[in-house]
Amino acid sequence: MDLTAHHYGITVSDLDRMVTFYRDVLGLDVLAEFSVGGEAFATGVDVPGASAEFVHLDGGDARIELVEYGPEGDRRPQPSLNEPGATHLGLAVDDLDSVYAGLPDSVDTLSEPQTTESGTRILFVRDPEGNLVELLET
């Protein structure tokens, strides 16, 4: 089996607000917008009566998929990185300090940019719905 990453999915409650963040704040380009519904979709995602609105963003080698479901499920608590099952999206940037300086005050960061023992420079932010996004300098 020859697997490659196609997309990283994030289920959201307000698709417009999330697209604004990922497009306007993080600078990702919108590649596609579409809706899916019907019995095969509902069965495939194991959500009775499910339909969804999708936006795919250009994440380089893989797409970032934002999806808003109907019906909406229960909200999960904000994850901490050390909890089993916690996830985050990792995006590479050329100049982490410039990205950090350009973030709007409304963006929640876990800290200012840090250089780890391995020499990697990292910055974790939360998107408007609390999902963790790691920005790392390449």
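1. Some vocabulary to start: two strands pair if DSSP finds at least two bridges between them. Helices (H or I, at least four residues) and strands (E, at least two) are DSSP runs, numbered from the N terminus. With that settled, S5 and S9 (residues 132-137) pair in the parallel sense, over 5 bridges. Within that pairing, Val93 has Glu137 of S9 as its bridge partner.

2. Ground rules before the rest. This is a predicted model, where local features need pLDDT of at least 70 and side-chain atom pairs count only at pLDDT 80 or more, while totals for chains, interfaces and linings use all residues. Residues are numbered from 1 along each chain as its sequence is written, and side-chain values use heavy atoms, with hydrogens and water left out.

3. Overall layout. The chain has 3 helices and 9 strands, in the order β-α-β-α-β-β-β-α-β-β-β-β along the sequence. Its C-alpha trace spans about 50 × 35 × 30 Å along the principal axes. Of the 138 residues, 31% are buried (buried is under 20% relative accessible area, exposed over 50%, partly exposed in between, with a 1.4 Å probe and protein chains only).

4. S5 is a nice strand to click through. Leu89, Leu91 and Val93 point to one face and are buried, whereas Gly90 and Ala92 point to the other face and are not. That fits the usual picture: in a regular strand the side chains alternate between the two faces of the sheet.

5. S8 (121-126) is another story: 6 of its 6 residues are buried. Arg121, Leu123 and Val125 point one way, Ile122, Phe124 and Arg126 the other, and all are buried. So do look at the two arginines in that list, Arg121 and Arg126, which are buried.

6. What does S8 pair with? S6 (108-109) pairs with S8 in the antiparallel sense over 2 bridges, with Thr109 opposite Val125. S7 (residues 114-115) also runs antiparallel to S8, again over 2 bridges, and there Gln114 has Ile122 as its bridge partner. S9 is joined to S8 by 5 bridges, antiparallel too, and Val125 stands opposite Val133 of S9.

7. Two hairpins involve S8. S7 and S8 form one with 5 residues between them, and Gly119 in its turn has a positive phi of about 95°. S8 and S9 form the other, also with 5 residues between, where the turn holds Gly130 at a positive phi of about 90°.

8. The largest nonpolar core (a set of buried Ala, Val, Leu, Ile, Met, Phe, Trp, Tyr and Cys residues joined through side-chain atoms within 4.5 Å) has 23 residues, and Tyr22, Ile64, Leu66, Leu91 and Leu135 touch the most other members. Two or more residues come from each of H1 (15-25), S3 (51-59), S4 (62-70), S5, S8 and S9. H1 gives the most, 5 residues. Domain 1 (7-70) and domain 2 (88-137) both contribute, so this core lies between them (the bounds come from an automatic or database domain assignment).

9. Now the largest pocket, which holds about 750 Å³ of space. The closest to its centre, among 26 lining residues, are Ile10, Thr11, Val12, Arg76 and Asn131. For the method: on a 1 Å grid over the protein atoms alone, a cavity is a set of points where a 1.4 Å probe fits but cannot get out, and a pocket is an open set with protein on both sides within 12 Å along at least five of seven lines; lining residues have an atom within 4 Å of a point. Grid points are joined across faces, edges and corners, and a volume is the space filled by probe spheres set on the points.

10. Who lines the pocket? S1 (7-11) and S5 (89-93) each supply at least two residues, and S1 gives the most, with 4. Domains 1 and 2 each provide at least three. The lining divides into 10 nonpolar, 11 polar and 5 charged residues (Ala, Val, Leu, Ile, Met, Phe, Trp, Tyr, Cys and Pro count as nonpolar, Asp, Glu, Lys and Arg as charged, and the others, Gly among them, as polar).

11. Last, some loop residues. A cis peptide bond joins Gly70 and Pro71, with omega about -5°, and Pro71 sits in the loop between S4 and S5. Asp46, in the loop between H2 (39-45) and S3, has a positive phi of about 60° although it is not a glycine. Asp46 counts as exposed, at 67% relative accessibility.
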